[in-house]
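Please look through the sequence and the structure below before reading on. The paragraphs that follow take up a few of the features one by one.

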Amino acid sequence: MTERPLDAEDRVIAGFGYKPQFKRVLGLFADFSLGYSYMSPLAGFYALFAFALTVAGPAYFWTMPVILFGQVLVAMVFAEASSQYPIAGGVYQWARRLVGPRWGFLTAFMYLLALLATNAGLAYGGAPYLAALFGYEVSPFTNAIGALAMIIIAAAINFGGTKLLAKGVEAGVWAGLIGLGFAGIYLLLFGQVQPWSVLFQNFGAGSDNYVAALFAASLIGIWIIFGFEACGDLGEEVQEASHKIPRAMMLTMLVGGVSTLVIGLGMTLAVPDMQGAVSGTVANPAEAVLLANFGPIGAKLGIIMLVIIIVSAAAAIMASTSRLLFSMARDRLVFGHNMLAKIDEKRGLPNAAIMAATVVPCIIILLGMFSSNAITQLISFATAGIYTSFHMVVGGALYARLKGWKPAGSFKLGSWGLLLNALALAFGIVMILNLMWPRTPDVPWYLNYIIPLSVLFIFVLGLLQLGNVTRQSNAR
């Protein structure tokens, strides 16, 4: 077979030592859609609204702009790295190029396991919406079946090709923007029942230590405001990648961040019974807001939007996972690398990697039938693992700057780079500690510290593979 001639973008990939194999079919909006669908502000807010209110009251809202600001700093560092290294695998390749193959592998290993856990947790957490939509009783079994159905649909979207994937994640964007229109803008204009001053009240929540309560409540922003890195995970499938990936990341932060804040304002000011929501007697304040303003039919339509968003997010995460697996396999760093590194030349897809990104979450979901608490812990680990891998990249970028790295992509932070990079790393360290902080003293110690123990365990597993990483690096 005659090989295709290399264009300018393919020559960039070849310059890194890789054979260009993907088809560049993603434009700016499609790449942005990967990040926005992954972020899913409406779905995340619907799931976490009750938690934030019961922990810190409506004043929780002010933690979200702080998280958004910190994540914008992280996104700028990522945009700079992705512009210079627009390679499939995203955070793995950035960490590898900025620091070295060992650091790249550890970053990728943490990120890979976190992504697999995230998709399982996302689908399992979204399964009760299917029960509400179709009217069947929620149970561990029905949740597992619903979650498996979402993962299988996400897999079908991925196996359909990158163009179909683009349409699938774009559907999630439009569903999210429709949700923003109703759950944010409409509620602000027509659904407000609480005074603006409620945003500075706690209704008794966190009265023992309100600073600690705000740190806990900030988890709503931490759990929602990320996903921008997905814009770089399919770097070899984006047109004009060095230019468009950074723009897609910043667009994700702008649209996703504004969506999160507007939905937060609209939902909070529209809570019919704030005292009940904070005390927990109103179990699902988000549902109460939708029912009060849109009635049963509107609430049902809202659930349909949520299901579309969740399936779209699952498809985006699966795409990121498969490209990460492919990128690691191409460097011979994972078991079964010969198969995982293969590309279907006709459709330009890493079929085996997509299959692996499908099967592992399904296994996790099936195991979750026997312990719903295990799924909850898994989601918590997944977020901590993602943030840890993020800031291994941010820390790697700072290390590279101090060693003389001069970003060479089209997106540069210029003379502000060192300061912004340092601030992003400081923010990340605080957020990782916040995620891992033990907040359940009444449970056995190992459950109270399950998140840091899980992250430490993953690091140990990764370190055991470093000999293989070194050998493969020397071979390249």
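How many aromatic pairs does the count come to? In this model, which is predicted, the count comes to 25 aromatic pairs. One of them joins Phe78 and Phe390, whose rings meet edge-to-face, with 5.2 Å from centre to centre and 70 degrees between the planes. Because Phe78 belongs to helix α4 (residues 63-84) and Phe390 to helix α17 (residues 372-402), this pair ties together parts that are 312 residues apart in sequence. Phe78 has a relative accessible area of 0% and is therefore buried, and Phe390, with a relative accessibility of 0%, counts as buried as well.

Phe390 also takes part in an aromatic pair with Phe226, again edge-to-face, in which the ring centres are 6.4 Å apart and the planes stand at 80 degrees. Since Phe226 is found in the loop between α10 (219-224) and α11 (230-233), while Phe390 is in helix α17, the pair ties together parts that are 164 residues apart in sequence. Phe226, like Phe390, is buried. These rings belong to one aromatic cluster, which is formed by Tyr38, Phe78, Trp94, Phe226, Phe228, Tyr387 and Phe390.

A ring can also have a charged side chain over it, and here Arg330 lies over the face of Tyr18, at 3.8 Å from the ring centre.

We can now turn from rings to helices. Two packed helices are described by the angle between their axes and by the distance between those axes. Helix α8 (residues 162-191) packs with helix α12 (residues 241-269) at an angle of about 40 degrees, and their axes are 8 Å apart. This angle makes α8 oblique to α12, and the crossing in which α8 passes α12 is left-handed. On the side of α8, the residues that make the contact are Leu177, Leu180, Ala183, Gly184, Ile185, Leu187, Leu188 and Gly191, and they meet Val255, Ser259, Val262, Ile263, Leu265, Gly266, Met267 and Leu269 of α12.

Finally, is Arg347 buried, partly exposed or exposed? Its relative accessible area is 34%, and because buried means under 20% and exposed means over 50%, Arg347 counts as partly exposed. Arg347 is placed in the loop between α15 (337-340) and α16 (351-368). If residues up to four places away in sequence are not counted, Arg347 touches Lys23, Phe159 and Gly160. Gln71, by contrast, is 276 residues from Arg347 in sequence, and the two are 35 Å apart in space, C-alpha to C-alpha.

Methods
Residues are numbered from 1 along each chain as its sequence is written. Side-chain values use heavy atoms; hydrogens and water are left out. Rings of Phe, Tyr and Trp (its six-membered ring) pair if their centres lie within 6.5 Å; planes under 30 degrees apart count as stacked, over 60 as edge-to-face and the rest as tilted. Helices (H or I, at least four residues) and strands (E, at least two) are DSSP runs, numbered from the N terminus. Buried means under 20% relative accessible area, exposed over 50%, partly exposed in between (1.4 Å probe, protein chains only). A charge sits over a ring if NZ of Lys or CZ of Arg is within 6 Å of the ring centre and within 35 degrees of the ring normal. Axes are lines fitted to C-alpha atoms, for helices over the stretch in contact, and angles run from 0 to 180 degrees between N-to-C directions. Angles under 35 degrees count as roughly parallel, over 145 as roughly antiparallel, 65 to 115 as roughly perpendicular and the rest as oblique. A crossing is left-handed if the near helix is turned anticlockwise from the far one by less than a right angle, and right-handed if clockwise. Contact means heavy atoms within 4.5 Å.
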